[in-house]
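Here is a short tutorial in dialogue form, in which a learner asks how to read features of a protein model and a teacher replies.

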Amino acid sequence: MSDTLTADVIGQRVEVNGEHATVRFAGVVPPVAGPWLGVEWDNPERGKHDGSHEGTVYFQCRHPTGGSFIRPNKVNFGTDFLTAIKNRYVLEDGPEEDRKEQIVTIGNKPVETIGFDSIMKQQSENKLKFPSGSVLTGTLSALKVLVLNQTGITWAEVLRCAMGCPGLEELYLESNNIFISERPTDVLQTVKLLDLSSNQLIDENQLYLIAHLPRLEQLILSDIGISSLHFPDAGIGCKTSLFPSLKYLVVNDNQISQWSFFNELDKLPSLRALSCLRNPLTKEDKEAETARLLIIASIGQLKTLNKCEILPEERRRAELDYRKAFGNEWKQAGGHKDPDKNRLSEEFLTAHPRYQFLCLKYGAPEDWELKTQQPLMLKNQLLTLKIKYPHQLDQKVLEKQLPGSMTIQKVKGLLSRLLKVPVSDLLLSYESPQKPGVEIELENDLKSLQFYSVENGDCLLVRW
């Protein structure tokens with residue numbers, strides 16, 4: 001680039017040693033002679049200041065350390081758009097093998113391309129700049145899906161852009177350092193899916209500003225650093241008026257470390273699916289099953305968790321285990337199976353808002369249930385089980401120690417080797433000495449003994 005700078009470079013995207021930035025200033029920065037470029041980095045940690053030098057503001061950055069001054073000869077301006085298109089698609093004379101064709105699908109249509117895979121790897125993450133005072137009302141009335149990931153767009157610009165898209169249904173705003181500064185009133189009213197992933201400036205209070213979007217069904221909040229969520233308009237056991245249509249919530253890769261987060265989600269009236277992977281409460285593999293059961297028991301209307309369907313059997317087990325796990329705490333807090341004597345503390349009701357409902361659904365926990373070890377607290381405990389073969393003449397009873405985490409499939413494998421019977425022929429169930437005559441089938445091979453609340457002293461019934 002020449003030493004003579006013009007205003008044409010303002011707003012251009014540049015690359016410096018692998019880092020991307022946008023030019024915000026071009027000119028002289030006294031007292032040092034020669035031309036300078038003022039750039040705003042995509043990664044604000046790469047910069048040194050906010051666009052000021054010795055008290056003079058040369059340009060503005062959204063982040064206080066997002067700016068730097070760089071000599072023009074250190075900057076790579078890349079290739080302009082038209083030249084890039086020509087280089088990529090205007091065919092020159094040359095060997096046929098250099099132009100590899102492939103079929104890709106865009107929408108539902110197969111498209112024949114040349115070098116498309118290379119283009120996909122070189123997306124430029126272009127930054128958008130909206131002219132001040134521009135009005136876009138109704139310009140793109142047929143547009144349904146808009147992707148503005150990594151474009152540096154601000155929330156105010158999002159709202160201005162949305163004025164031109166009155167029928168917008170899906171909006172993707174990942175990695176823009178967005179701060180939600182105002183409530184959308186006349187725009188975004190048709191949006192069904194909103195992706196705000198990796199916008200670390202968003203907090204709980206900002207989410208209230210988008211909580212009244214009437215048609216919002218899917219909200220993606222992965223990697224925004226959120227740790228808590230509250231719906232102050234809804235008391236214990238009540239539903240919130242916020243996010244009235246929200247069916248699917250994604251909060252992967254956040255800082256969720258309190259179970260109260262999931263208690264609050266039970267207040268969302270339309271929530272049916274949740275993804276909450278890689279949070280402090282859910283990222284330990286050895287605790288994954290326990291965490292799943294607790295979440296299911298905490299959110300009554302949930303049908304899918306982490307993209308896995310919640311079957312009625314799993315919900316029943318989760319809720320029964322939850323009822324049993326916190327039974328002693330319930331009694332100590334004033335709980336009683338006689339409704340006239342039930343005087344639960346506000347503290348317990350806040351920590352376990354669905355517990356009273358579970359007592360109504362399944363009955364209050366009996367004293368004998370609360371004397372055994374709580375199923376949700378089991379780690380990899382060895383269970384001593386009796387094994388019977390009800391249909392055999394020989395009613396010999398065996399005793400075996402099996403890990404609580406052992407799957408039904410592995411139990412069948414063990415019994416198959418012991419009995420010389422094919423695994424596919426085995427049918428398992430169990431009885432508890434506390435409820436003689438009540439037989440519970442172990443029908444899901446992928447679930448563990450712990451999942452079915454099998455405990456020490458229970459009897460495993462084996463048929464084939």
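Q: At what angle do the axes of helix H7 and helix H10 cross?

A: Two packed helices are described by the angle between their axes and by the distance between those axes. In this structure, which is a predicted model, the axes of helix H7 (residues 312-325) and helix H10 (residues 355-362) come within 10 Å and cross at roughly 115°. Angles of 65 to 115 degrees count as roughly perpendicular, and H7 and H10 are therefore roughly perpendicular to each other. The crossing in which H7 passes H10 is left-handed. On the H7 side the contact is made by Arg315, Arg316, Glu319, Leu320, Tyr322 and Arg323, and on the H10 side by Tyr355, Leu358, Lys361 and Tyr362.

Q: How do the residues of the contact of H7 with H10 divide into nonpolar, polar and charged?

A: Five of the residues in the contact of H7 with H10 are nonpolar and five are charged, while none is polar.

Q: In what order do the strands of the open sheet of eight strands stand?

A: A sheet is read by its strand order, its pairing and its edges. Here the eight strands follow the order S9-S10-S11-S12-S13-S14-S15-S16, and the pairing is mixed. Strand S9 (145-147) and strand S16 (308-309) stand at the edges with a single partner strand each, so one side of each has no neighbour in the sheet. Within this sheet, strand S10 (residues 170-172) and strand S11 (residues 193-195) run parallel and are joined by three bridges, and Glu170 has Leu193 in S11 as its bridge partner.

Q: Which strands are the edge strands of the open sheet formed by four strands?

A: The four strands stand in the order S1-S2-S3-S6 with antiparallel pairing, and the edge strands are strand S1 (13-16) and strand S6 (67-70), each of which pairs on one side only. From one strand to the next the twist averages 50°. Strand S1 is joined by four bridges to strand S2 (residues 19-29), the two running antiparallel, and Val14 stands opposite Ala21 in S2.

Q: Is Val423 buried, partly exposed or exposed?

A: The relative accessibility is compared with two cut-offs, since buried means under 20% and exposed means over 50%. Val423 has 37% relative accessibility and therefore counts as partly exposed. Val423 lies in the loop between helix H12 (408-419) and strand S19 (427-431). Leaving aside residues up to four places away in sequence, Val423 touches Lys412, Gly413 and Ser416. Val423 and Val411 are 12 residues apart in sequence, and their C-alpha atoms are 9.6 Å apart in space.

Technical notes: Residues are numbered from 1 along each chain as its sequence is written. This is a predicted model: local features need pLDDT of at least 70, side-chain atom pairs count only at pLDDT 80 or more; totals for chains, interfaces and linings use all residues. Side-chain values use heavy atoms; hydrogens and water are left out. Two strands pair if DSSP finds at least two bridges between them. Axes are lines fitted to C-alpha atoms, for helices over the stretch in contact, and angles run from 0 to 180 degrees between N-to-C directions. Buried means under 20% relative accessible area, exposed over 50%, partly exposed in between (1.4 Å probe, protein chains only). Contact means heavy atoms within 4.5 Å. Angles under 35 degrees count as roughly parallel, over 145 as roughly antiparallel, 65 to 115 as roughly perpendicular and the rest as oblique. A crossing is left-handed if the near helix is turned anticlockwise from the far one by less than a right angle, and right-handed if clockwise. Ala, Val, Leu, Ile, Met, Phe, Trp, Tyr, Cys and Pro count as nonpolar, Asp, Glu, Lys and Arg as charged, and the others, Gly among them, as polar.
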